[in-house]
Amino acid sequence: MKKVYIGMSADLLHPGHLNIIHEARKLLDSIGGGELIVGLLTDKAIASYKRLPYMNWEQRKIIIENVKGVTQVIAQETLDYVPNLLRIKPDYVLHGDDWKTGVQAKTRQRIVDVMKEWGGEVIDIPYTEGISSTKLNKALKDVGTTPEIRGARLKRLLDSKDIVTICESHNGLSGLIVENTSIMEENRKIEFDGIWISSLTQSAAQAKPDIGYLDTTTRMTTLNDILEVTTKPIIYDGDNGGPQEHFIFTVKTLERLGVSAIIIEDKIGLKKNSLFGTEVFQEQDNPEDFAEKIKAGKQAQVTDHFMIIARIESLILEQGMEDAISRAKTYLDAGADGIMIHSRRKEFDEIKEFAKLYNQLPNRKPLVVVPSSYNQVTEQELIDSGINIVIYANHLLRAAYPAMVNAAKSILEHHRCKEASEDFCMKIKDIITLIPGAK
Ligand code: SPV
Ligand code: MG
């Protein structure tokens, strides 16, 4: 029996996909029938080169196996077709002819070469103009998301990616930057997976010290500005969570808004930024009391997907590795959905050592790090240490501040704004059209 193989994500199924399936069926019918196998890319395979699909693999499978002409749907575990092709040895692979040029040309050639081994053939189907997943994606982004879908997204990312990358945002505009900024690296689209609502940068943006002065209501106003213009999952910096009685309200509020996770740190007393370390007085919470707070939060939450991540300050406060690991155990036992370990050392060694010990814990959950001081560490090194989430916690605000000071100085120095406009500013036309809907 002849076999045709089509690889696809089928997240936003459109007439272009159906046309390829239709052509495959026509081809099989013309040669006396056969099997039409769809290699449906897994969430992991898709996340390796672009954003996570809207629907998970099982949901996409239900749709595609009900499309007329499809006889079998199997998982394609990698972006690379070859492992499946070697296993199935199809007579034909069909794909839209757009892959003959650009970044996909190499992928196509590799498939042509592999198929030759058993006399198989690649057939390029004329691309269906006027519709594309890219356009549909943009339209969907404009529609936005719901709290339920956004909230669940962090866990899906953790299941699909080697490392989840999160970038700080402190107002609507910086939220848009994290939402929309992307680069192409070979044939992969690289973008941030989610947003960090930092207590440091949110306080600084409002010209307040990072001492827990902004109350939860004030912080929710900023959070809401960010929610309005983004669809990516959000991790909220909850400082120490406040008193247990307050913490349970915060958990419910964040869940209702579609935030995916809160991180709370095991400190008590007046909040001071961790990166001061022992230069200022900071007191660590008793692990049992902190565990109680985690438990109370877990009991208060309504959805399955909301995560309470416990942040351990033992290394910041020079209490040693043993204390850090013992606290990790206590917090996991109390129901924490993940651990954030923080360090202010310039080297990655301390975090690396913690990760090694942590990875051996039987009920290990995702491990989060914030490489602000050991900033030379690469995402690959973090992956190699088993770290699951990296938070770039303050970089957008740190980049914006000197840029604004330079523009201000330039105006003062020149007693006019020509130089500042030309040297430091975006074009007027660009700022007035930056946010859609201005015209
Ligand atoms: C924040 O971004 O507010 C954090 C990380 O809590 S740190 O500033 O390093 O403590
Ligand atoms: Mg903070």
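This section describes the overall architecture, the metal site, the internal spaces and selected residues of a predicted model.

The protein contains 18 helices and 17 strands. Its C-alpha atoms occupy a box of roughly 80 × 65 × 40 Å along the principal axes. Of the 439 residues, 48% count as buried. When contacts between residues at least 6 apart in sequence are considered, 74% of them join residues at least 24 apart. Two C-alpha separations illustrate how distance along the chain and distance in space are related in individual pairs. Ala47 and Ile190, 143 residues apart along the chain, have C-alpha atoms separated by 9.8 Å. For Thr101 and Gln282, 181 residues apart along the chain, the C-alpha separation is 59 Å. Thr101 belongs to the loop between β4 (92-96) and α5 (105-116). With a relative accessibility of 57%, Thr101 lies over the 50% cut-off and therefore counts as exposed.

The magnesium ion (ligand 2) has Ser199 (OG) and Asp237 (OD) as its protein donors, lying 2.1 Å from the ion. Ser199 is part of helix α9 (residues 199-205), whereas Asp237 is part of strand β10 (residues 234-237); the pair therefore ties together parts that are 38 residues apart in sequence. Both Ser199 and Asp237 are buried. Beyond strand β10, the loop that leads to α11 (244-257) contains Asp239. This residue has a positive phi of about 50°, although Asp239 is not a glycine. Asp239 counts as buried because its relative accessibility, 11%, falls under 20%.

One cavity of 30 Å³ or more is found in a search of the whole structure. Its lining comprises 18 residues, of which Leu200, Asp237, Asn273, Arg311 and His342 are the closest to the centre of the cavity. The volume of this largest cavity is about 160 Å³. Classified by residue type, the lining has five nonpolar, seven polar and six charged members. Asp237 thus appears in two settings, as a donor of the magnesium ion and among the lining residues closest to the centre of the largest cavity.

The second largest pocket encloses about 910 Å³ of space. It is lined by 37 residues, and those closest to its centre are Lys50, Arg51, Lys161, Glu191 and Asp193. The lining has 14 charged, 13 nonpolar and 10 polar residues. At least two lining residues are supplied by each of the helices α2 (43-47), α6 (133-143), α7 (147-160) and α15 (379-384), and likewise by each of the strands β7 (182-185) and β8 (188-191).

Several residues can be placed relative to these elements. Ala47 is located in helix α2, one of the elements that supply at least two residues of the pocket lining. Ala47 has a relative accessibility of 9% and is accordingly classed as buried. When residues up to four places away in sequence are not counted, Ala47 touches Leu52, Ser160 and Lys161. Of these contacts, Lys161 is also listed among the lining residues closest to the centre of the second largest pocket.

Strands β7 and β8 are joined by a loop that contains Glu186. Like Asp239, Glu186 has a positive phi of about 50° without being a glycine. The two residues nevertheless fall into opposite accessibility classes: Glu186 is exposed, with a relative accessible area of 71%, whereas Asp239 is buried.

Lys232 is situated in the loop between α10 (216-229) and β10. Its relative accessibility is 7%, and Lys232 therefore counts as buried. The side chain of Lys232 reaches the backbone oxygen of Glu179 at 3.1 Å. With residues up to four places away in sequence left out, Lys232 touches Arg150, Val178, Glu179, Glu191, Phe192, Asp193, Gly194 and Ile195. Glu191 and Asp193, both in contact with Lys232, are also among the residues closest to the centre of the second largest pocket.

Definitions and conventions:
Residues are numbered from 1 along each chain as its sequence is written. Chains are lettered from A and ligands numbered from 1 in the order in which they are written. This is a predicted model: local features need pLDDT of at least 70, side-chain atom pairs count only at pLDDT 80 or more; totals for chains, interfaces and linings use all residues. Side-chain values use heavy atoms; hydrogens and water are left out. On a 1 Å grid over the protein atoms alone, a cavity is a set of points where a 1.4 Å probe fits but cannot get out, and a pocket is an open set with protein on both sides within 12 Å along at least five of seven lines; lining residues have an atom within 4 Å of a point. Grid points are joined across faces, edges and corners, and a volume is the space filled by probe spheres set on the points. Helices (H or I, at least four residues) and strands (E, at least two) are DSSP runs, numbered from the N terminus. Ala, Val, Leu, Ile, Met, Phe, Trp, Tyr, Cys and Pro count as nonpolar, Asp, Glu, Lys and Arg as charged, and the others, Gly among them, as polar. Donors are N, O and S atoms within 2.8 Å of the metal (3.2 Å for Na, K and Ca); water is not among the atoms, so sites may look incomplete. Buried means under 20% relative accessible area, exposed over 50%, partly exposed in between (1.4 Å probe, protein chains only). A polar contact is a pair of N or O atoms within 3.5 Å; within protein, one must be able to donate a hydrogen and the other to accept it, and residues adjacent in sequence count only if both atoms are side-chain atoms. Contact means heavy atoms within 4.5 Å.
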